[in-house]
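Let's take a walk through a protein model together. Keep the 3D view open and turn it as you read.

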Amino acid sequence: MTDDILHRVAQVIESRKNADPSSSYVASLHHKGLNKILEKVGEEAVETILAAKDAAHSGDAKDVIYETADLWFHSLVMLSALDLEPQAVLAELERRFGLSGHAEKAARSTT
């Protein structure tokens, strides 16, 4: 996967942000406000966790992929609501690349 698909999805989300809420799911989420968007992110996170647990037992990863896509999508809607672009998240991941996870966590706790 490239960051191109994230950029394309983010562009579609941005273009639908102020559309008629009755004609666009994204617009309906934005119309309901940040709390509703955050509720959806939380719901999708829980569904992703449950799907991962099921996949660990069944060996079938189809649902975990599907739920992770939902989680990422709703996370992009959240970023849009905060006027942030996915590139900011990708830049943070790039910054962390090559760092030890322990070192990165320790650096966060000192700031």
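Find Leu-34, which sits in helix α3, a helix covering residues 34-58. Keep in mind as you look around that this is a predicted model. Is Leu-34 buried, exposed or partly exposed? Its relative accessibility is 34%, so Leu-34 counts as partly exposed. Leu-34 also has company: together with Leu-38, Leu-82 and Leu-84, this residue makes a nonpolar surface patch of about 310 Å².

Now hop over to Lys-17. You'll find Lys-17 in the loop between α1 (3-16) and α2 (25-32). Lys-17 is buried, because its relative accessible area is 14% and the cut-off for buried is under 20%. Which residues does Lys-17 touch, if we skip its neighbours within four places in sequence? The answer is Val-26, Ala-27, His-30, Ser-80 and Asp-83. Remember Ser-80 and Asp-83 from that list, since we'll run into both again.

Next, trace helix α4, which runs over residues 62-81. This helix has 20 residues, and the distance from its first C-alpha to its last is 29 Å. That is close to the 28 Å you'd expect at 1.5 Å a residue. Some residues of α4 are tucked away from the surface: the buried ones are Val-64, Glu-67, Leu-71, His-74, Leu-76, Val-77, Leu-79 and Ser-80. So here is Ser-80 again, buried in α4 and in contact with Lys-17.

Keep going past the end of α4 and you come to Asp-83, in the loop between α4 and α5 (86-96). What is phi for Asp-83? It is near 55°, a positive value in a residue other than glycine. Most residues other than glycine have a negative phi, so this one deserves a second look. Asp-83 is also exposed, because its relative accessible area is 63% and exposed means over 50%.

Time to bring Lys-17 and Asp-83 together. Side chains of opposite charge can pair when their charged atoms come close. Asp-83 forms a salt bridge with Lys-17, and their closest N and O atoms are 2.8 Å apart. This pair links distant parts of the chain: Asp-83 is in the loop between α4 and α5, Lys-17 is in the loop between α1 and α2, and the two are 66 residues apart. Lys-17 counts as buried at 14% relative accessibility, whereas Asp-83 counts as exposed at 63%.

Lys-17 has another partner, too. Its side chain meets that of Glu-14 in a salt bridge, at 3.4 Å from N to O. Glu-14 counts as partly exposed because its relative accessibility is 41%. Put the pieces together and you get a network of salt bridges linking Glu-14, Lys-17 and Asp-83.

Finally, move along to helix α5, where you can spot both Arg-95 and Glu-92. How far apart are Arg-95 and Glu-92 in the helix? They are three residues apart, about one turn. An α-helix has 3.6 residues a turn, so residues three or four places apart point the same way. The side chains of Arg-95 and Glu-92 meet in a salt bridge, at 2.7 Å from N to O. Arg-95, at 46% relative accessibility, counts as partly exposed, and Glu-92, at 26%, counts as partly exposed as well. How many salt bridges does the count come to? The count comes to nine, including the ones between Asp-83 and Lys-17 and between Arg-95 and Glu-92.

Conventions. Residues are numbered from 1 along each chain as its sequence is written. This is a predicted model: local features need pLDDT of at least 70, side-chain atom pairs count only at pLDDT 80 or more; totals for chains, interfaces and linings use all residues. Side-chain values use heavy atoms; hydrogens and water are left out. Patches are made of residues with over 30% relative accessible area and no salt bridge: like charges are joined within 9 Å, nonpolar side chains (Val, Leu, Ile, Met, Phe, Trp, Tyr) within 5 Å. Accessible areas come from the Shrake-Rupley method with a 1.4 Å probe; for residues, only the protein chains shown count as cover. A salt bridge is a side-chain nitrogen of Lys or Arg within 4 Å of a carboxyl oxygen of Asp or Glu. Helices (H or I, at least four residues) and strands (E, at least two) are DSSP runs, numbered from the N terminus. Buried means under 20% relative accessible area, exposed over 50%, partly exposed in between (1.4 Å probe, protein chains only). Contact means heavy atoms within 4.5 Å. The expected span of a helix is 1.5 Å times one less than its number of residues.
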